[in-house]
Amino acid sequence: MSVYLITGVSKGIGFELVKQISEDPKNVIVGLVRDKAATVKKVAAELGDRSNVHILHADLTSYATLKQAATDTTKIVGERGIDYLVANGAFPSHFDAFDPIGALGDKVEELEDVSSKLFKTNVVGNIHLFNLFVPLVLKGKVKKVIAISSGHADLDFINDLEVENSALYAASKAAMNVIVAKFNAQYKKDGVLFLSMSPGVVEVGQFDSVTPEQMQGLMGFMGKLAAYAPDFKGATPVDEAVRTIRSTWEKASIDSGFGGAFISHFGNKQWI
Ligand SMILES: NC(=O)c1ccc[n+]([C@@H]2O[C@H](COP(=O)([O-])OP(=O)(O)OC[C@H]3O[C@@H](n4cnc5c(N)ncnc54)[C@H](OP(=O)(O)O)[C@@H]3O)[C@@H](O)[C@H]2O)c1
């Protein structure tokens with residue numbers, strides 16, 4: 001039996017994590033979402049009556065909602081604490097997803113707004129999340145904090161493949177990786193594993209409504225991925241991706257040298 005706190009469970013990787021983990025009725029899952037009513041409805045419709053799933057409201061850009069969620073989580077999990085804290089929720093900006101950074105320079109206001117939102121959500125939001133929930137993680141048995149990052153944040157990956165797109169998003173994930181390492185620096189001695197993990201390229205429908213021009217930018221990136229990993233056949237189905245992610249976080253430990261590390265879903269620096 002393990003207790004999980006997962007952010008961003010309304011859809012995509014987060015929802016699939018809830019689905020797979022709650023299949024074992026002994027596990028307890030607390031999922032944080034912005035729209036609680038919609039997710040409660042979705043869980044009931046797609047997963048049925050799973051009394052081990054608890055959906056709470058929280059927005060990563062609002063400290064007050066995260067604090068309330070921590071209070072409510074404490075009431076649910078009690079002295080068991082949290083075994084796995086999974087920082088999955090993120091703002092996946094589309095503004096910078098299809099173009100090189102140099103092509104965004106004249107969209108001054110949007111560039112500044114998106115950058116601020118990325119930092120507030122993906123970096124500061126997770127700082128608050130970690131600070132508010134670490135007391136519960138310290139009470140848990142497993143003591144693992146996993147931040148879902150992105151291979152986009154790896155400098156060798158960017159430079160070797162000349163990956164031009166997603167500059168702002170990548171920078172927010174790189175900053176988050178540093179924060180995760182800083183939390184590791186503080187809490188490793190308490191036995192808490194802090195780890196940043198890229199999930200690979202996962203099919204969650206994020207590019208379902210792109211324009212033909214955006215698709216062109218995306219295809220350029222996909223071509224580079226195919227050159228990087230000749231076996232790459234496109235995005236991984238979310239159920240398969242979540243099984244891989246979970247198996248890798250099970251293997252990772254402080255003793256095996258993963259404290260504060262930034263790794264792929266394979267547990268290394270192979271991003272695809
Ligand atoms: N899919 C991939 O190929 C891929 C690749 C690399 C990294 N990732 C990372 O994987 C994680 C999951 O993403 P996904 O692919 O599953 O995308 P997704 O389907 O878009 O899910 C993103 C989740 O984050 C939540 N979220 C967004 N802004 C939030 C905020 N301010 N406060 C709280 N929650 C917020 C969303 O909730 P709402 O429904 O309220 O918007 C949603 O549940 C993210 O960290 C993403 O960066 C994904």
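A residue is classed as exposed when its relative accessible area is over 50% and as buried when that area is under 20%, with partly exposed residues in between. In this predicted model, E162 has a relative accessible area of 57% and is therefore exposed. The residue is located in the loop that connects α5 with α6. Its phi angle is near 50°, a positive value in a residue other than glycine. A positive phi, near 60°, is also found at K143, again a residue other than glycine. K143 belongs to the loop between α4 (108-139) and β5 (144-148). With a relative accessible area of 17%, K143 falls under the 20% limit and is therefore buried.

The ligand is surrounded by 27 residues, of which S10, R34, N88, Y169 and V202 are the closest. Several N or O atoms of the protein approach polar atoms of the ligand. In the side chain of R34, such an atom lies 2.7 Å from a ligand oxygen. The side chain of K173 likewise places an N or O atom 2.9 Å from an oxygen atom of the ligand. At L60 the backbone is involved, with an N or O atom 2.8 Å from a nitrogen atom of the ligand. On its own the ligand has 890 Å² of accessible area, and the protein covers 88% of this. Two or more residues of the surrounding shell are contributed by each of the elements α1 (12-21) and α6.

Helix α1 is itself mostly covered, since eight of its ten residues are buried. The buried positions are I13, G14, F15, E16, L17, V18, Q20 and I21. One of these, F15, has K42 over the face of its ring, at 4.5 Å from the ring centre. A comparable arrangement involves F91, where the charged end of K117 sits over the ring at 4.1 Å from its centre.

Helix α6 spans residues 167-187 and includes S172. The relative accessibility of S172 is 3%, and the residue therefore counts as buried. Its side chain makes a polar contact of 3.0 Å with the side chain of N122. When residues up to four places away in sequence are set aside, S172 touches L118, N122 and V123.

Aromatic side chains provide a further set of contacts. A pair of aromatic rings is described by the distance of the centres and the angle of the planes. With a limit of 6.5 Å between ring centres, the model contains ten aromatic pairs. One of them joins Y84 and W249, whose centres are 6.0 Å apart and whose planes meet at 35°, a tilted geometry. Because Y84 lies in strand β4 (residues 84-87) and W249 in helix α8 (residues 238-251), this pair ties together parts that are 165 residues apart in sequence. Both Y84 and W249 are buried. The rings of F157 and Y228 have centres 5.3 Å apart and planes at 80°, so the pair is edge-to-face. F157 is part of helix α5 (residues 155-161) and Y228 of helix α7 (residues 212-228), so the pair ties together parts that are 71 residues apart in sequence. The two partners fall into separate accessibility classes: F157 is buried at a relative accessible area of 4%, whereas Y228 is partly exposed at 23%. In addition, F130, F183, Y187 and F194 form one aromatic cluster.

Towards the end of the chain, H265 is found in the segment after β9 (262-263). This histidine has a relative accessibility of 9% and therefore counts as buried. Apart from neighbours within four places in sequence, H265 is in contact with M197, S198, P199 and G200, with T244, I245 and T248, and with Q270, W271 and I272. The C-alpha atoms of H265 and L225 are 16 Å apart in space, and the two residues are separated by 40 positions in sequence.

Note on methods: Residues are numbered from 1 along each chain as its sequence is written. This is a predicted model: local features need pLDDT of at least 70, side-chain atom pairs count only at pLDDT 80 or more; totals for chains, interfaces and linings use all residues. Side-chain values use heavy atoms; hydrogens and water are left out. Helices (H or I, at least four residues) and strands (E, at least two) are DSSP runs, numbered from the N terminus. Buried means under 20% relative accessible area, exposed over 50%, partly exposed in between (1.4 Å probe, protein chains only). A polar contact is a pair of N or O atoms within 3.5 Å; within protein, one must be able to donate a hydrogen and the other to accept it, and residues adjacent in sequence count only if both atoms are side-chain atoms. Contact means heavy atoms within 4.5 Å. Rings of Phe, Tyr and Trp (its six-membered ring) pair if their centres lie within 6.5 Å; planes under 30 degrees apart count as stacked, over 60 as edge-to-face and the rest as tilted. A charge sits over a ring if NZ of Lys or CZ of Arg is within 6 Å of the ring centre and within 35 degrees of the ring normal. A residue is near a molecule or strand if one of its heavy atoms lies within 4 Å of it. Accessible areas come from the Shrake-Rupley method with a 1.4 Å probe; for residues, only the protein chains shown count as cover.
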